[in-house]
Amino acid sequence: MKVVIQRVSQASVTINGNVNSEIKNGILILAGFENADNDEDLEWIAGKIVRLRIFPDNNEVMHLSIQDVDGDILLVSQFTLHASTKKGNRPSYIYAATPDIAIPLYEKFIKILENQLGKSIQTGIFGADMKVALINDGPVTIIIDSKNRV
């Protein structure tokens, strides 16, 4: 599982011209799943996300977590995080989980994040053509891959 985390002052997902979900202060997470992902990957990444100290304290030092600032999360599924660009110019997505595997992982990840954060999160719609807008605060962008824990 790969995630791109962006600290945002606001973010939204629009589908078919309608705002589906939006947040103010918090993090936008783009999440890509692969066939080998399991519950351990979901739990580990969710724990990393909610404890990641990427928000500034009173001294403008990144010392606070999303929980510390009572921030919100917007989660968007993005299979293209698993693009392979080694050969040719057209990305291959052979490492991305197929929908029959990715959808249950995505749905479970939502529940795990909500449980660890202690409140509901906002989401996109799996497989939809989404327009994602954000104001990256900092900018702060972090990539985490559950297969690179050590």
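About 8400 Å² of the protein chain is exposed, and 48% of that area comes from carbon and sulfur atoms. The model behind these values is a predicted one. On the inside of the picture, 41% of the 150 residues of the protein chain count as buried. As for charge, the chain carries 15 positive and 18 negative charges, and the mean positions of the two sets sit 6 Å apart.

Next comes the overall build. The protein chain is put together from two helices and eight strands. Read from the N terminus, these elements follow the order β-β-β-α-β-β-β-α-β-β. Along the principal axes, the C-alpha atoms take up a box of roughly 45 × 40 × 30 Å. The radius of gyration is 15 Å, which agrees with the value near 15 Å that a compact globule of 150 residues would have. Contacts also reach far along the sequence: take those between residues at least 6 apart, and 73% of them join residues at least 24 apart.

Now for the aromatic side chains. Searching the whole structure turns up four aromatic pairs. One of them brings together phenylalanine 33 and phenylalanine 109, with ring centres 6.3 Å apart; the planes meet at 75°, so this pair is edge-to-face, a label that calls for an angle over 60 degrees. The two partners come from distant parts of the chain, 76 residues apart: phenylalanine 33 belongs to the loop between β3 (26–32) and α1 (39–51), while phenylalanine 109 is part of helix α2 (residues 99–117). Phenylalanine 33 has a relative accessibility of 3%, and because the cut-off for buried is under 20%, it counts as buried. Phenylalanine 109 is buried too, its relative accessible area being 0%.

Another pair is made by phenylalanine 79 and tyrosine 93, whose ring centres lie 5.0 Å apart; with the planes at 70°, this pair is edge-to-face as well. Both residues sit in the loop between β6 (72–77) and α2, so the pair ties together parts that are 14 residues apart in sequence. Phenylalanine 79 comes out as partly exposed, with a relative accessible area of 48%. Tyrosine 93 is likewise partly exposed, at 33% relative accessibility.

Finally, there is a wider grouping of rings. Phe33 and Phe109 turn up again here, since ring pairs link them with Tyr106 and Phe126 into a cluster. Within that cluster, Phe33 and Phe109 form the edge-to-face pair already described.

Definitions and conventions
Residues numbered from 1 in each chain as written. Predicted model: local features only at pLDDT ≥ 70, side-chain atom pairs only at ≥ 80, totals over all residues. Heavy atoms only, no water. Helix = DSSP H or I, 4+ residues; strand = E, 2+ residues; numbered from the N terminus. Rg over C-alpha atoms; globule rule 2.2 N^0.38 Å. Buried < 20%, exposed > 50% of the residue type's maximum accessible area, 1.4 Å probe, protein only. Contact = heavy atoms within 4.5 Å. Areas by Shrake-Rupley, 256 points an atom, 1.4 Å probe, with all protein chains shown as cover. Lys, Arg positive; Asp, Glu negative; His and termini not counted. Charge placed at Lys NZ, Arg CZ, Asp CG, Glu CD. Phe/Tyr/Trp six-rings, centres within 6.5 Å; stacked < 30°, edge-to-face > 60°.
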